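Open the model in your viewer and keep the sequence panel to hand. We will make a few stops, and at each one you select something and look around.

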Amino acid sequence: MALPLGVQNRRPLLAGRGKPFLSSSNASAVALGAPPTATGETSAITYNVPAGGAGTYIFERPTGAVFTCSSGPSETTEDTQEGFSSSQITAQLSSLSKTVSNNVKGVLNGGGNRPTVTQNGFFLQTLGLAARRGRGVDPEWNLWIKGDYNKFSGNSLNGSQANLVFGLDFKPDPDTVVGGLLSYDTTDFTTLSAGTAGALDAEGYTLGVYGGRRMDNGLMIDGMLAYSALDYSVVNGAVSGAFDANRISMSVGISNRMEIGGMTVEPNANLIYARETQAAYTDSGATAHAEKKVTAGRLSLGPTIYFDPKDNGLAPWISVNAEYDFSDNGSTSAGSSAFADNLSLRAGFGFSLPTENGNLSFAVNAGGLGSGNYTSVGATLTYRMAF
């Protein structure tokens, strides 16, 4: 950047003579050390300020005159990309993982009449043609579809995230299920990074495999491995850019069920993890951005408590989960610090109700509670039908 000194100096200023750069209010900029360059009878000194180098810079002419200038880094899409792509990854993968876990529990528990805390939308699960053939028949094939929508609101981001997931699975035995899924994913965030408004949008497709197993002691384990191809668009102030990304993600869930008085307590533990490679690109401000590798994940622990059904079959439930989000994207942007390591609570409640041909359930949940960074609120309406 060029820092105008605002005066004319008729004596030549030679680079490296005197003390052209004295100090700055930005410590990282002072540490650069290299003097600026200047030639001839000019009124400008050129000094390169890195990202995060905003501050007041003090220069001195060889004549002893001291001049003060203020400046900041050039505006690029770097802050928005680094600051919020990890939160996008966690939101999308968390929703997909809970969808898979919900389906696996429904299949292995026989009829899928136990809802779990999911984020929003609708869920349609068939338990196979064999379910129509008579009582006691355990269906082998299950086809399901899930529509998912989630809203976010926080100090530095607002927006929504949605998935549409199709799955097909098979039960080789009554306690095991294996399957595959295809998902369309979209995210729309408005962001605030280092005081600059922006946006982060992403859409793409996910192809994955999953499975689950119910142990003799009642312990249930489910897992997923998936690959995603995505297109991003990013805005920071007046500058915009677009890039492709590829993601490998996984999830593991463990749960159990214990009968306590008139309740069934289901403790849950879930881990999600993703590694995403974001392609190099040049933004509209002509700034080149190198390829980035972002990792993100979440560890969730907590119980779901199911109360005994009422006379009409209505079965209410509540849940509380502690969630620890973690990420690593090598970012130095102000926006990213809020999502690098984050501990919060998620609470939910709902009910399930048996119907003539299936089961209806409803759930409401809120996440990010107590984090001070964001909150997310969602609702799920689920109908499972055997045919």
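Which residues does Thr187 touch, not counting residues up to four places away in sequence? Select Thr187 and show its surroundings: you should find Gln88, Ser160, Gln161, Leu200, Asp201 and Ala202. Please keep in mind along the way that this is a predicted model.

**Stop 1: Thr187**

Colour residues 176–193 to see strand β9, the strand in which Thr187 has its place. Is Thr187 buried or exposed? Its relative accessible area is 3%, and because the cut-off for buried is under 20%, Thr187 counts as buried. Now show side chains for Thr187 and Gln88, which are joined by a polar contact of 3.3 Å.

**Stop 2: strands β11, β12 and β14**

Next, select residues 220–236 for β11 and residues 239–255 for β12. These two strands run antiparallel, and 17 bridges join them. For one rung of this ladder, pick Leu225 and look across to Met250, its bridge partner in β12.

Then follow the chain to the turn of the hairpin. Two residues lie between β11 and β12 here, and Gly237 takes a positive phi near 65°.

Add residues 263–278, which form β14. Over how many bridges do β12 and β14 pair? There are 11 bridges, again in the antiparallel sense. To see one of the pairs, select Gly253 together with Asn270, its bridge partner in β14.

While you have strands on screen, turn on the side chains: in a regular strand they alternate between the two faces of the sheet.

**Stop 3: Ala286**

Move on to the loop between β15 (281–282) and β16 (288–289), where Ala286 lies. If you check the backbone angles, phi of Ala286 is near 70°, a positive value in a residue other than glycine. Why does Ala286 count as exposed? Because its relative accessibility is 66%, and exposed means over 50%.

**Stop 4: Ala315**

Finally, select residues 315–328, strand β18, and pick out Ala315 within the strand. Ala315 is buried, with a relative accessible area of 12%. Which residues is Ala315 in contact with, leaving aside neighbours within four places in sequence? Show Phe307 and Pro309, then Gly350, Phe351 and Ser352.

As a last step, draw a distance between the C-alpha atoms of Ala315 and Phe351. These two residues are 36 residues apart along the chain, and their C-alpha atoms are separated by 5.3 Å.

Key
Residues numbered from 1 in each chain as written. Predicted model: local features only at pLDDT ≥ 70, side-chain atom pairs only at ≥ 80, totals over all residues. Heavy atoms only, no water. Helix = DSSP H or I, 4+ residues; strand = E, 2+ residues; numbered from the N terminus. Buried < 20%, exposed > 50% of the residue type's maximum accessible area, 1.4 Å probe, protein only. Pairing = 2+ DSSP bridges. Polar contact = N/O pair within 3.5 Å; in protein donor to acceptor, adjacent residues only side chain to side chain. Contact = heavy atoms within 4.5 Å.
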